[in-house]
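Work through the exercises below with the model open. Each task is followed by its solution.

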Amino acid sequence: MSGNGTGIGASVKRKEDQRFLTGRGRYTDDINLHGQLYGYILRSPVAHASIGGIDTGAAMAAPGVHAVFTGKDMEGVGGIPTGWLIHSKDGSAMVEPPHPALALGKVRYVGDCVAIVVADTMEQAKSAANLVDVDYQELPAVASIEAAEAEGAAQVHDEAPDNVCYDWEVGDKAATDAAFEGADHVVSIDVVNNRLIPNAIEPRAAIANFDPATDEYTLYTTSQNPHLVRLLLGAFVLGLPEHKLRIVAPDVGGGFGSKIPHYAEEAILTWTAGQLGRPVKWTCERIDAFKSDTHGRDHISTAKLALDADGNFLGLHVSTKANLGAYLSTFATCVPTYLYGILFAGPYTTPAVYCEVKSFFTNTVPVDALRGAGRPEATYLLERLVEKAARELGMDRVEIRRKNFVREFPYQTPVALQYDQGDYDATLDLALAAADWDGFEARRAEAAARGKCRGIGISTFIEACGIAPSAVVGSLGARAGLYESGSVRVHPTGSISVFTGTHSHGQGHETTFAQIVSDMLGVDFNAVDVVHGDSAKIPFGMGTYGSRSLAVGGTAIYLAVEKVIEKGKKIAAHLLEASAEDIEFENGSFTVAGTDRSKSLGEVALTAYVPHNYPAGLEPGLEETAFYDPLNFTFPAGTHIVEVEVDPETGEVDLVAVTGSDDVGRIINPMIVAGQLHGGLAHGIGQALMEECRYQEDGQLETGSYMNYTMPRAADLPSFSINHNTTHCTHNPLGAKGVGEVGSIGVPPAVINAVIDALRPLGVDDMTMPATSQRVWQAIQHAQG
Amino acid sequence: MPTVTMTVNGMERSGTVEGRTLLVEFLREHLGLTGTHVGCDTSQCGACVVHVNGTSVKSCTCLAVQADGADVTTIEGLANGADLHPMQEAFREHHGLQCGFCTPGMVLSAVDLANQNSDPSEHEVREWLEGNLCRCTGYHNIVKAVQAGAQAMGGGS
Amino acid sequence: MNDFTYHAPTSMDEALGALRGAEGGKVIAGGQSLLPIMKLNLAMPSDLVSLAGVPGLADIADGGDSVTVGAMCTHAQVAASAIVQGRIPALAAMADGIGDAQVRNAGTIGGSVAHNDPAADYPAACVALGATIVTDRREISADDFFRGMFMTPLEEDEVITAVRFPVPARAAYAKFANPASKYAIAGVMVADGPAGMRVAVTGASGDGVFRVAAMEAALGDSFSGDAVAGISVSTDGMLSDTAAGAEYRAHLVTVMARRAVEACG
């Protein structure tokens, strides 16, 4: 690998930027098809009701209206499936209630899809939707975990007694119990992981079309994983074979997990386009996005840590209740289980870990992955608990962490994972130095002189990314493999198209992957273009989430390039009248070892397509595809340190400094990696200090717009200090681990630990996320009595 | 139905609209200028920011008829041919964009600031961007880009 | 948004005529308050009458002991005005903190005052400074103008043309903003001016802007932050929402009042 100006390791400016900066991006809502109609989705205004009947007559008669469809019209079409089967402690399968795309018989959350009104314009469709007369016979609603598990609670689904979806566990309970019996100290904590609304700035949108000439459906949709949508929509909902269903996810304006799921609207639109024989377009209004994009997190947990007299961790016991919302979204069931419970070893050598998770249906928006997905929840709990343990044992909070670090790799945790590589001391040391940890007390004193309470907080963490080995996840209930495909097409004149099944919606794959390919093949960076987001162009793919694109998708491309080189060697050997074994490839040239006789990649490519003088038995063409199924998860790790100043009068928390020290594996483009870290940190800080989705008891969404759901703004955040200590992943050839979720996983406990540290002099020793000014002020009032 | 005429990116453009047609709808749907985005319906995200008579406004909170006769600049009109505007170039140079959706509004908001202040402090940039939400970047690189872009504009024009 | 008939008059007479001829007409100035509520169908006027083409409404005049701000002056214009900065710097600073940059570029003082949002900033400035609201037909003192949430004495066809602010000896505004909407949770304008010592609060009460007599009396005795720091306002009638309950709001009123006094220098 050359490491040149555009190669691996270089901060190459992004290929994507020219079009985005000049307004030439092509997002779903920018696409218009000839003859398209507009579909408006009528949503339930109530959280739980039986539908007595729906009268669509007046709406049908409204100007411009072509059709109104309800659940009854779509009866017989498959429901929206979920992608992961979880088994309970007793071996029983989770409860998997039907999820009709358009509500049938009942609505189960505010925002549930009730009807689609199709008209010549969106305004007409929306106006006509007001005329659809739905007889909602309201039922009691359960809008929280507490309400769902209460005695005599209303039932969200008849199939799910007590509103329970599953009661799952991981780890050795007996061994963990034994660890507690022999412990010198037991430290307990109760934490809530606040419910969040993802809020990618591009609202979801879709356009569906049916071509009667080919019997082919095309759906343009705001998705992180078009092939996954094709699989779910085609095989499970509409019963369409893959070759008759094309999914295009063009430029997508951010995902953060909320554009992973296959949504009801995608099924409704596609089915409607087939019914009408015309393209139908839908763009979600933000106000509807709040109540229809999948939400994230929403856990209530209690946990305890067993320690010996020296502060060594002996055992960890975690009990969590998770809110899944009204229906099971695509990855809903694995987020609070296999993306959560198996993270509880963290970077520590805790020998016995047990985690149980009971999940509930509620009359709220379905909950699914959100940046970090399960791992932020685990990290938050663990790092709050470790912090509390240090305090209760009177130990230094850095030393208690360091004392328990994993140092020998590979390391088999007691909860399934095997860490391949890491150096947690190095990331910790780097963070402490970068944050001037040792100089903090002077800063605290200086702030106190100004009437401000200054605090510092830390979290040390690992992630499991690069999702995921298919055999492993399959044994755990995944209904898909989580490999990735990559194709490399060397064109006759030497330019290159790279096809990836991952999807870029901000991550800069078009640049990063081009760097890998141009570096490996020794061709000009600008001669390489990356194609993604179209099931008709890409062999297959599982998409982008779980910080998997580089480690899994990048590796597939890497392997495809290796195949290209191998084939190129055969062609070059023929041209050079040498043996293929003697051909070396470097810097774009095939050379006979030990000689100066060589052929360029361009010459080889041309030969491959104009095979006048060509090896016998070798296929023409120079294009290779590789599927890569990872051997293990990857394990990025890091230390985050946050410094805050609290105004005790108002409760405002001012973020003074945020320091990230991360091991994300090999870095292809440092500029892009830093950007990913910044974004994740902002998201994690948003969770810790600002963002909170709240429902009223009746299931009405209380935080349903930017007027009352706080998004992090520029002035809420400081500039970040980003530091790297790199170890390479041992099981993929790039050595890559993943970076997209780091910030949102690592930083929330550091923020809250800092806030508590700041407030401890005032008698405050606990804090719930988000630490809003009102909550901080109330905590101070309470502590001061 | 009212007819509106305005200068958009230096060209006179006319169209027949409804009274309720928003400026952003006129730009996107009548003129096909889809670089201006809509990210919310409560005038907060700033993805729709354009310049009307030289200052930045939210085109989702402006009627097309209110812009009748105005001089409108959208993201498509900022670059000079193939040459990026200095603020666009600064965003590229400093990786001030990821998914690109907030970018047009962010850039046009930044240009408005730079027109008033060629050397804004980090604090001034962060305060100015209150009306522009970004979910990708954590604003870190946007702030750097705006500062660099403002200086480039001050030095260059 | 429901459709409506749009009028672009070029004189006040024409504007008034259009309003009188409409079944449910409304004036549109910058549209930063009106359009958001129209998009939510919380307002559905039959006609919108724009003041943008009516001359003479966007001037700022120094009247010696007062400053008159034309109704169509944007917040950005007020914030940047040398006259306002020189004579009533607290007003310029307040205008500079309204909404965000784009709202300030489009939103107007006339529109804000006419809308009388209980969380808007201008009502506090108008009441504290003892401003006069000037309309096409009369002058209304701020004390009589802000009559509870979204309520004003304006006639259906009455148009604000300017707001006249007496120049105070000293004044300052301190705001605690809702972290999501950025509207005031508690915004307090303190003014020591021709109208006497005034403390006007916006954002906190469901009835809109209100004065705090106890604080005004205390400041009359001793103009210092300490004078108001111990004075709390009742939680009765305080707004309560996800960002701030009544008790927290009431507390913030006191804190912001003290900070405004201290900012007066």
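**Exercise 1. Decide how enclosed helix H2 of chain B is, and find the backbone feature that follows it.**

Step 1. Count the buried residues. Of the 8 residues of H2(B), 6 are buried, so the helix is largely enclosed by the rest of the structure. A residue is buried if 20 or more other C-beta atoms lie within 10 Å of its own, exposed if 12 or fewer, and partly exposed in between; C-beta atoms are placed from the backbone. Helices (H or I, at least four residues) and strands (E, at least two) are DSSP runs, numbered from the N terminus.

Step 2. Name them. The buried residues of H2(B) are B:Pro86, B:Met87, B:Gln88, B:Glu89, B:Ala90 and B:Phe91.

Step 3. Move past the end. Just after H2(B), B:His95 has a positive phi of about 55 degrees.

A note on the source. This is a predicted model: local features need pLDDT of at least 70, side-chain atom pairs count only at pLDDT 80 or more, and totals for chains, interfaces and linings use all residues. Residues are numbered from 1 along each chain as its sequence is written, while chains are lettered from A and ligands numbered from 1 in the order in which they are written.

**Exercise 2. Describe the contact between chain B and chain A.**

Step 1. Take the totals. Chain B puts 45 residues into the contact and chain A puts in 43. Two residues are in contact if their C-beta atoms, placed from the backbone, lie within 7 Å.

Step 2. Find the elements on the chain B side. Helices H2 (86–93), H3 (103–116), H4 (122–128) and H5 (140–156) of chain B each supply at least two residues to the side that touches chain A.

Step 3. Sort by class. That side of chain B has 21 nonpolar, 15 polar and 9 charged residues. Here Ala, Val, Leu, Ile, Met, Phe, Trp, Tyr, Cys and Pro count as nonpolar, Asp, Glu, Lys and Arg as charged, and the others, Gly among them, as polar.

**Exercise 3. Divide chain B into domains and analyse where they touch.**

Step 1. Set the bounds. Domain 1 of chain B covers 3–77 and domain 2 covers 86–156. Such bounds come from an automatic or database domain assignment.

Step 2. Place the domains. Their C-alpha centres lie 21 Å apart. In the contact, 15 residues of domain 1 of chain B meet 11 residues of domain 2 of chain B.

Step 3. Look at the domain 1 side. Strands E3 (49–52) and E4 (55–58) of chain B each give two or more residues to the side that touches domain 2. E3(B) provides the largest share, 3 residues. By class, this side has 6 nonpolar, 9 polar and no charged residues.

**Exercise 4. Trace strand E3 of chain B and its partners.**

Step 1. Assign the faces. In a regular strand the side chains alternate between the two faces of the sheet. B:Val49 and B:His51 point one way from E3(B), B:Val50 and B:Val52 point the other way, and all are buried.

Step 2. Pair E3(B) with E4(B). The two run antiparallel and are joined by 4 bridges. Strands pair if DSSP finds at least two bridges between them. B:Val50 has B:Val57 of E4(B) as its bridge partner. The pair forms a hairpin with 2 residues between the strands, and B:Asn53 in the turn has a positive phi of about 50 degrees.

Step 3. Add the other pairing. E3(B) runs antiparallel to strand E5 (residues 71–73) of chain B, with 2 bridges. B:Thr73 of E5(B) is the bridge partner of B:His51.

**Exercise 5. Locate two non-glycine residues with positive phi in chain A. Are they buried or partly exposed?**

Step 1. Start with A:Phe256. Its phi is near 60 degrees. A:Phe256 sits in the loop between strand E11 (245–248) and helix H7 (264–276) of chain A. It counts as buried because it has 30 C-beta neighbours inside 10 Å.

Step 2. Turn to A:Asn587. Its phi is about 50 degrees. A:Asn587 lies in the loop between strands E22 (583–586) and E23 (589–592) of chain A. With 14 C-beta neighbours inside 10 Å, A:Asn587 counts as partly exposed.
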